[in-house]
Amino acid sequence: MSLPLHWPRTLASRLSLIFLIGLILAQGLSFGAQYYERYQTAKSTMLGNLETDVSTSVAILDRLPAIERQAWLPKLIRPNYGYRLDEGQPGQPMDLASAPVSVSSIQEAIGQAYPLTFTDIPGPQKHYQAHLRLNDGSPLTIDVRPAMMPLSPWLPVVLLGQLVLLIGCTWLAVRIAVGPLTRLADAVETLDPNAHSVRLDEKGPTEVVHAAKAFNSMQDRIATYLKERMQLLAAISHDLQTPITRMKLRAEFMDDGIEKDKLWSDLSEMEHLVREGVAYARSIHGATEASCRISLDAFLDSLVFDYQDTGQDVQLSGKNASVIDTRPHALRRVLVNLVDNALKFGGAAQIQVLLADNGQLAIQVLDRGPGINEQELAEVLKPFYRVESSRNRETGGTGLGLAIAQQLAHAMGGSLTLSNRDGGGLCAELRLSHC
């Protein structure tokens, strides 16, 4: 059973395969045509020489005294045929209808002057003999061993050199064709609206220049859209803060009662939602904060002490004296959001620092709360998504805390993932590169 052939997956391997097969087939056809033409030319020349040589050799032997003929045989021998002064070897009469072309040449050379008979000599190699008698009645046998024209010793070297040249040209062509696509793919994968965009060089062939200009233009449009969104949210926040403040002042003058409490709660909720929305918009541009080197242990100690001073159950473990290059305000906002969530749903939080397998630092915020369904672990990182089906902001919040944390994590060049703990609870893991 033959194995199925699989088409290569990468564009470079596909182009290389197509080019190599096409060039090798073209080179093979060219070599075959040249070799056939050379063979036909050499055969015509060889048969012409055979007629002249055989007629001359037989004439010489016929005119020599019988005693001198044996001495002349070595001078008349050729690579594919020679002469014998006897009846030759026993064999089968040759079928002239399927005889080699050299038989016709021998007949044309001496067949008019000397009666000829041909016999096939058995053996692994094609071998036949032509028999005749000289004018004095002495037998003469022309012993013929047909053979293909030998290849030149330099031909394999030339073919190998051509193959190397084909492979080199294919590699160069594929690299030129695939290189711009690879650079474009790398630029797309590293596209980060939070950081300074990496612009593609607008050089090379027309198609490459056009694609590079289109990509750079797309980056500029994305940056403009994000900036406009942040400005819009900031303007909304500014415009809403004033009426909300006025409404709170008016609520102060209302008589105490359930309606006043509900109104005050709604106004506080609106104010919190506006602030969180602006914080989320600003988190998209977290890269605007300058990076600096900080001691992670000292940074986390300060954060934990702030919580403990207010009576919150927050613990730190796993110190490793790491120094990281990061944006401290963004990092603090991420950890504060994660710790607040842990305190809200678990009543206590534990911060743990580990060294990940890929050389990154893993800062884990652990709690023993109810956890999150596996299907919702990725969804809760999206803005305005809350686990509670009641959509109650008292329990579910605004749905922006984890989204802000994830945006800032990406802005710092890190990643944020959530997972459920064995025995109950949630693990929020922030991974960062360290110096």
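This note sets out points on the fold, the cores and the helix packing of a predicted model.

1. Overall make-up. The chain has 435 residues, of which 34% are buried. Its secondary structure comprises 10 helices and 12 strands. Of the contacts between residues at least 6 apart in sequence, 64% join residues at least 24 apart.

2. The largest nonpolar core. This core holds 40 residues, and Leu331, Leu335 and Ile351 touch the most other members. Two or more residues come from each of the helices H7 (296-309), H8 (328-346) and H10 (401-411), and from each of the strands E9 (349-355), E10 (361-366), E11 (415-420) and E12 (426-432). Helix H8 gives the most to the core, with eight residues. As general background, nonpolar side chains tend to be buried together in soluble globular proteins.

3. Leucine 331 and the second core. Which residues does leucine 331 touch, when those up to four places away in sequence are not counted? They are Ile294, Phe299, Ile324, Thr326, Met412, Leu430 and Leu432. Apart from the largest core lies another core, of 23 residues, which includes Val54, Leu64, Tyr83 and Leu140.

4. Packing of H7 against H8. The axes of H7 and H8 are 11 Å apart, and the two helices pack at an angle of about 40 degrees. Such an angle is neither under 35 degrees nor within 65 to 115 degrees, and H7 and H8 are therefore oblique to each other. Their crossing is right-handed. On the H7 side, the contact is made by Phe299, Leu300, Ser302, Leu303, Asp306 and Tyr307. On the H8 side, Pro328, Leu331, Arg332, Leu335, Val336, Val339, Asp340 and Leu343 take part. Sorted by class, this contact of H7 with H8 has 10 nonpolar, one polar and three charged residues.

5. Packing of H8 against H10. Helices H8 and H10 pack at an angle of about 150 degrees, and their axes are 9 Å apart. Because angles over 145 degrees count as roughly antiparallel, H8 is roughly antiparallel to H10. H8 passes H10 in a left-handed crossing. From H8, the residues Ala330, Arg333, Val334, Asn337, Leu338 and Asn341 meet Gly401, Leu402, Ile404, Ala405, Leu408 and Ala409 of H10. By class, the contact of H8 with H10 has eight nonpolar, three polar and one charged residues.

6. Surroundings of H10. How many of the 11 residues of H10 are buried? Nine are, so H10 is largely enclosed by the rest of the structure. The buried residues are Gly401, Leu402, Ala403, Ile404, Ala405, Gln407, Leu408, Ala409 and Ala411. After H10 comes glycine 413, whose phi is positive, near 80 degrees.

7. Arginine 175. This residue has its place in helix H4 (residues 155-189). Is arginine 175 buried or exposed? Its relative accessible area is 54%, and because exposed means over 50%, arginine 175 is exposed. Arginine 175 and leucine 15 are 160 residues apart in sequence, yet their C-alpha atoms are 9.8 Å apart in space.

8. Points to retain. Helix H8 gives eight residues to the largest core. H8 packs obliquely against H7, and H8 is roughly antiparallel to H10.

Methods:
Residues are numbered from 1 along each chain as its sequence is written. This is a predicted model: local features need pLDDT of at least 70, side-chain atom pairs count only at pLDDT 80 or more; totals for chains, interfaces and linings use all residues. Side-chain values use heavy atoms; hydrogens and water are left out. A nonpolar core is a set of buried Ala, Val, Leu, Ile, Met, Phe, Trp, Tyr and Cys residues joined through side-chain atoms within 4.5 Å. Buried means under 20% relative accessible area, exposed over 50%, partly exposed in between (1.4 Å probe, protein chains only). Helices (H or I, at least four residues) and strands (E, at least two) are DSSP runs, numbered from the N terminus. Contact means heavy atoms within 4.5 Å. Axes are lines fitted to C-alpha atoms, for helices over the stretch in contact, and angles run from 0 to 180 degrees between N-to-C directions. A crossing is left-handed if the near helix is turned anticlockwise from the far one by less than a right angle, and right-handed if clockwise. Ala, Val, Leu, Ile, Met, Phe, Trp, Tyr, Cys and Pro count as nonpolar, Asp, Glu, Lys and Arg as charged, and the others, Gly among them, as polar.
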